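Got your viewer open? Load the model, set it to cartoon view, and follow along one stop at a time.

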Amino acid sequence: ISNTFIVEAGTSAFTISADIRAGANANTVLKLNNVSATTSFADARYTSSDQQVSDRYGSVSGIQVTVKGADVSLSNQSAASTTAVKGAKNVSLLKYQIVNNNISDVTVNGEMYSVTFSGVAIEVLKNLTADLYLNGTLVESKNVSTTSIGSGMGTGTLSFNKTFNVAKSGNATIEIKAQELPQLVNADYITVARTSGNNASDLNGKVVTINGSTVAGNKITIANASLTVAVDSADVADLLAAGSAAQELGKIRITAKNDDLSLREIKIPLVVGTGTLASATRLIQSPTLVDAAGNTIANGTVNTSNNTIEFTTFTNGGFTVARNTDAPLTVKANISTMAASEVNTTVGLDLTNTGSFFLKAQASVDEVGTAVVGTVTSAGLTAKDLISGGKLVVAANGVQDAGQGYVKYTVTNNGAESVKLSALTV
């Protein structure tokens, strides 16, 4: 190092650095000699007198540097094996990261994949269009090319032309999605695996080895869309005040499996504990179906001929329950004033009555409903609510100051006018 530099009085920090040539061989070891105050510097003189510095001492051990070779690897980030319906859109088939710990940027020259199909009608694979996403952005679309079939398994290929760079110490996320799953047979499955091999090069055009160059997505198995209807865990017995609006009849929970499902019709039978169905259907008026956010998603009617609450008109044409999620829904209604003969009527919702319970929903392709065998499961009775036409309800609400013998009560007035209480006897 031929530079001349000044060391001011005190302590000065110096750094010796160098660039490693891109063509350096991997695992080459470079080591600096020790830096010594007495031997490493050709000369040292005071700036004021130009006299040599005679009392130089101290040294620093030289460091060792190993040239890092190509270190590019794959990290599989595919979702777990899952089910989906034929015709499902935007389905992820394979997702992975290309991780570049190389000394330079690398260029990836097109990605290739194998597509394995378990069915016998391999021609359906020609209807599969796959999208290549690079860091979340759609960059290219290709159709599957079918190649062979044997022993009940079909094979196809996907070849993309997109060339992209992965910065050193960086990564790129690749995802292959099916625009729409073809019309496959139930229980058929598809898997996609990377077959590109070592298709990356460094800045000098040298081929870069990709560690673990093959990654595979998990199975996507074709299954029917289905719905499960059950009593929600939050459902409790309520007191329904006669002559009041928007009283809560029951809470249900609907679960969609394998596909987004749009509810189109629901008909729920009423069941009574005490009183008659005729009284219940007369008292219950203007039912509504409400979602978890409190929005009314359907306005219904009471069918007195078969004792059901029916929702056949949904806001925006339907209410969607997303694939593999559930939605809590609340049935509310106005309660009419009671006749003397209708006192103590209790009413609930019957989800187990397969004869009268009815549901219809629309999946991506097929209809789901109680009229389609095997697509809807419903069970359970909501807690029976007491329709109260009386004005006062007294209930114990726990013991207070038990040592003193105090008991706490609540008194609920469901009437339209205030009530004055006097001369309590217990």
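Before we start clicking, one bit of vocabulary: two strands pair if DSSP finds at least two bridges between them. Also keep in mind that you're looking at a predicted model.

**Stop 1: the whole chain.** Begin with everything selected. The protein chain has 1 helix and 36 strands. Of its 426 residues, 37% are buried. Now look at the contacts in the protein chain with a separation of 6 or more: residues 24 or more positions apart account for 74% of them. Switch on a surface if you like; the protein chain exposes about 23,300 Å², and carbon and sulfur atoms supply 48% of that.

**Stop 2: strand 8.** Select residues 106-109, which make up strand 8. Which residues are on its covered face, and which are on its uncovered one? V106 and V108 are on the covered face, while T107 and N109 are on the uncovered one. Here's a rule for reading that pattern: in a regular strand the side chains alternate between the two faces of the sheet.

**Stop 3: the partners of strand 8.** Add residues 163-166, and you have strand 14, which pairs with strand 8 in the antiparallel sense over 4 bridges. Zoom in on V108 and you'll find F164 of strand 14 standing opposite. Next, add residues 200-201: this is strand 17, which is also antiparallel to strand 8, with 2 bridges. V108 has a bridge partner here too, namely A200.

**Stop 4: the sheet.** Now add residues 207-208, which are strand 18. You have an open sheet of 4 strands, in the order 14-8-17-18, with antiparallel pairing. Strands 14 and 18 are at the edges with a single partner strand each, so one side of each has no neighbour in the sheet.

**Stop 5: G250.** Jump to residues 247-257, strand 23, and pick out G250. Is G250 buried or exposed? Its relative accessible area is 1%, so G250 is buried. Show what surrounds G250: leaving aside neighbours within four places in sequence, its contacts include D235, V331, L349 and D385. L329 is another contact of G250. Those two residues are 79 residues apart along the chain, yet the C-alpha atoms of G250 and L329 are separated by 8.7 Å.

**Stop 6: the largest nonpolar core.** Last, select Y113, L227, I254, L263 and L359. Of the 81 residues in the largest nonpolar core, these touch the most other members. Center on L227 and display its surroundings: not counting residues up to four places away in sequence, L227 touches I254, L263 and L359, and also residues including A256, L261, V368 and V376.

Key. Residues are numbered from 1 along each chain as its sequence is written. This is a predicted model: local features need pLDDT of at least 70, side-chain atom pairs count only at pLDDT 80 or more; totals for chains, interfaces and linings use all residues. Side-chain values use heavy atoms; hydrogens and water are left out. A nonpolar core is a set of buried Ala, Val, Leu, Ile, Met, Phe, Trp, Tyr and Cys residues joined through side-chain atoms within 4.5 Å. Buried means under 20% relative accessible area, exposed over 50%, partly exposed in between (1.4 Å probe, protein chains only). Contact means heavy atoms within 4.5 Å. Accessible areas come from the Shrake-Rupley method with a 1.4 Å probe; for residues, only the protein chains shown count as cover.
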